[in-house]
Amino acid sequence: MAIVYVAYDGKWENNAYVDHKLKVLMVSMDKTCLQLQMQIAKSIGIEEEASKIRMLYNANLETSKGVEIENDSDVEMYLYLVKNEEEYKKCPIIVEIEETTIQYSEGSKDSVVALYVEEEQILTTTLVQKTKKRRFQEVEETETSSSSSSVWESLKREKENMEIITKGTSIEDLKENLIFESKEDLKEVLSMIAIKKKFQYRVPKSDKKRFMARCIDEKCEWYLSVRVYKNTTMYKVCTYKNVHTCSLEFSNPDHRQASSHLISKYIQNMLGDPKVEYKTNQVISDVKRVLGVTVNYQKAWRAMQNARDEVLGPASDSYGLLPSYCHVLKKNNPGSVTKIMKDSQNRFKFLFVAYGVSIEGWKHCRPVIVVDGTFLKAKHGGILFVACAKDGNNGIFPLAFGVGESENNEAWEWFFTSLKEAIGGREELCIVSDRHLSIANAIKKVYPETHHGICMHHLKENLIKRYMVAGLHDLFFKAARAYRHSEFEKYMSEMSSLNPKIKDYLLEIGPGRWARCLYPRRRYNIQTSNIAESINSAVKEAREQPILKLLDELRKTFQNWFLERSKLAASTFYPVTTWAHKEMRDKLEKANCMEVEQLQTNTFNVKYNQKTFFVDLEKRTCTCRQFDLDEIPCSHAIAGIDKLYRNKYEYCSKWYDIMMYKNTYNGSLNPVGDKEDWNIPEDIKQEILLPPIYKPAVGSRKKQRYKSATETFKMSTKCGRCRRTGHNRKTCKFSPALHPYSKKHNTNEASTSCKAQSSPTAF
């Protein structure tokens, strides 16, 4: 919008317009010359039918009155100057009014006036959109002569018959005097009518001033002629001969007017929810069912891309809006940290986002961070970096995330540097990830004081891939999860007996990075990077969207998590979280069966299954080491606590306290709102951010990760007779209707024959 000053009802003195009145208007930047004249006429209260308006600007020139506005280009230039040039900010439009005279017969008193009436909205049928319709209506008519009445009556009839069809309107058929706002609207409506009425047309003539269409059958009489309406950008139907005499041989299921652009209009409402997967084959079947048209896979795929760009916006445009999005995000969520890195050509390289509520909530979580990266499926690809933790209720706590071009040393180093600047450091901090070399290099450089742990699941995959030995899977997990060093050595020896190289391989990696009993810092129950992969899975569908849509889906997901968990914390009445309460409750039954021998005030010998464990409640230790490493009382400690009739909750770590859990989700994550409502400073608006260079790969776009060779999937066999799993119809022993070759049938047959041989012959 532009603020325009209108000067009128004045006089000229030495090329200066003086003694005038002034009006202030809000004018949209896409106004045409005719629309601007109508708005000015309405604001200053003149009758546009009885007057001719002349518009000028910059009237203070010494040698002339100014620059005259005669067409749409002049209007566009004037609005641009008013909007962008400081010296033209208050440059008014000078309005000169010339009265139009009409000859009337004797006795005429007044003329007939037609006034512009408010636009009314009408509901469309096919595209479910709204359109506007302009009409002119007679308000007052005084006594006139017969000659003047005929003139004004013809003008009134012309305007009453005029209908303006805007974008998205659906009509049953065309008719003469119908007006379209643009040629594109005309072609879209005409294509819809052709598909519905089962005919096809060709365009022998189409230029800036006219559009002609004929049926593809040269013998058919159907004909359409459209021309530009007066001096506007609108098109008026001049001639329309709606008579079809074409042969049925021109009626084909593959309609030439069913373009990918037109089909995209029908499927846009199917792409609003990213969690609903709408495939190309579904487009083909829906177009066949709704329109009765057969389209090939390529056209359906292009229609999907057009519809996605229309609904979500082009993927390339999302990068240009990133600086504005980050500005609004930080404004609506105080304490949030966002960083964007560009290359020398102003192309996107890296993005980092950490919400303010996540930074504050991290202070109340266990000091273990899990990081992971996953690929994006959108047009420009990239990698989504995720950093998360576990809250006191053992739930996933989102800490920060980022987007980069690829998973390399530079990207991970930039991500960890940004993460450290956002959340700072923590005592006894641990970072858990897979064995990606770039992650290890970045942690050594950015977090040298932090211990880097390995995800035991990824290590297991590498181990089995290298040594394909039966039973190795279970032995490795038992060794990794062992609390006591003696148990760890036992399982390592068993793996060494399978293959001596297995033990050497694991010792070379370093047991302190994956074995719970040898970890130098508390890792609690976080031994895998599954929680980071769970976040990647939660936004699986959003990873196919443009980057701006991806960020908003991540925000919505985390916003729902914060809301649900804050409600859960408010409804919990235990001193600890529900997960910690359940963990101790599960150990209580076992603790009741133990023999407790008190040694001193806080020390005990606890016997169970012919084993003795030493418990020290003051130091919060037990020789089973569960109490030491998890900071939740083990079953032996619970037996000692019950001996003293003390509160078991007091011996849990502070990380499981219900107040810590409430403080974790104390804040709220606020949305960014609609783009139209964003208030962006000019320096951020003018910031240039181009998308990364798009290099399309050969074949279809990758949407699923490559699975390792060790990820086997067992197929369960289901019997067609008894409906049980684990066997088929031939080997079924449960169904009364036997298969002639089933084992049960053969067994029964053999036993029957044996009985017949052993029994005496009956006479």
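# Walking through the predicted model

Let us start at K556, which is partly exposed, with 34% relative accessibility; partly exposed covers the range between buried (under 20% relative accessible area) and exposed (over 50%), using a 1.4 Å probe and protein chains only. Before going further, please keep in mind that this is a predicted model, in which local features need pLDDT of at least 70 and side-chain atom pairs count only at pLDDT 80 or more, while totals for chains, interfaces and linings use all residues. Residues are numbered from 1 along each chain as its sequence is written, and side-chain values use heavy atoms, with hydrogens and water left out.

K556 has a charged partner: E553 forms a salt bridge with K556, and the closest N and O atoms are 3.9 Å apart. A salt bridge here is a side-chain nitrogen of Lys or Arg within 4 Å of a carboxyl oxygen of Asp or Glu. E553 and K556 both belong to helix α18 (residues 547-570), where a spacing of three residues puts about one helical turn between them. Helices (H or I, at least four residues) and strands (E, at least two) are DSSP runs, numbered from the N terminus. Unlike K556, which is partly exposed, E553 is buried, with a relative accessibility of 11%. The general background is that an α-helix has 3.6 residues a turn, so residues three or four places apart point the same way.

Helix α19 (residues 578-591) offers a pair with four-residue spacing: D586 and K582 are also separated by about one helical turn. Their salt bridge has its closest N and O atoms 3.2 Å apart, and D586 is partly exposed at 47% relative accessibility. Elsewhere, K205, D207 and R210 are joined into one network by salt bridges that share partners.

How many salt bridges does the rule find? The count comes to 19. One of them links R522 with E631, whose closest N and O atoms are 3.2 Å apart. R522 sits in the loop between α16 (500-509) and α17 (530-538), and E631 in the loop between α20 (626-630) and α21 (635-643), so this pair ties together parts that are 109 residues apart in sequence. R522 is partly exposed at 39%, whereas E631 is buried at 18%.

Helix α21 leads us to a sheet. The open sheet has four strands in the order β25-β26-β27-β28, paired antiparallel; two strands count as paired if DSSP finds at least two bridges between them. At its edges stand β25 (595-598) and β28 (621-622), each with a single partner strand, so one side of each lacks a neighbour in the sheet. Strand β27 (residues 611-616) and β28 are antiparallel and joined by two bridges, and V615 has C622 in β28 as its bridge partner. Helix α21 lies across β25, β26 (603-608), β27 and β28, at about 120 degrees to β26. For such angles, axes are lines fitted to C-alpha atoms, for helices over the stretch in contact, and the values run from 0 to 180 degrees between N-to-C directions; contact means heavy atoms within 4.5 Å. In the loop between β26 and β27 you will find Q610, a residue with a positive phi of about 65 degrees although it is not a glycine. Q610 is exposed, with 86% relative accessibility.

A second open sheet holds seven strands in the order β18-β19-β22-β21-β20-β23-β24, with mixed pairing. Its edge strands, β18 (337-342) and β24 (451-454), each pair on one side only. From one strand to the next, the twist averages 20 degrees. Helix α9 (residues 322-332) packs on this sheet and touches β18 and β19 (348-354), its direction making about 165 degrees with that of β18. Helix α12 (residues 437-446) lies across β20, β23 (430-433) and β24, running at about 165 degrees to β24. Within the sheet, β20 (residues 368-375) and β21 (residues 383-390) pair antiparallel over six bridges, with D372 opposite V386 in β21. The loop between β21 and β22 (396-404) contains N394. Although not a glycine, N394 has a positive phi of about 65 degrees, and N394 is partly exposed at 21% relative accessibility.

Which elements cover the buried residues of α13? They include β24, α14 (472-481), α16 and α17. Among the buried residues of α13 (residues 456-466) are M456, L459, L463 and I464.
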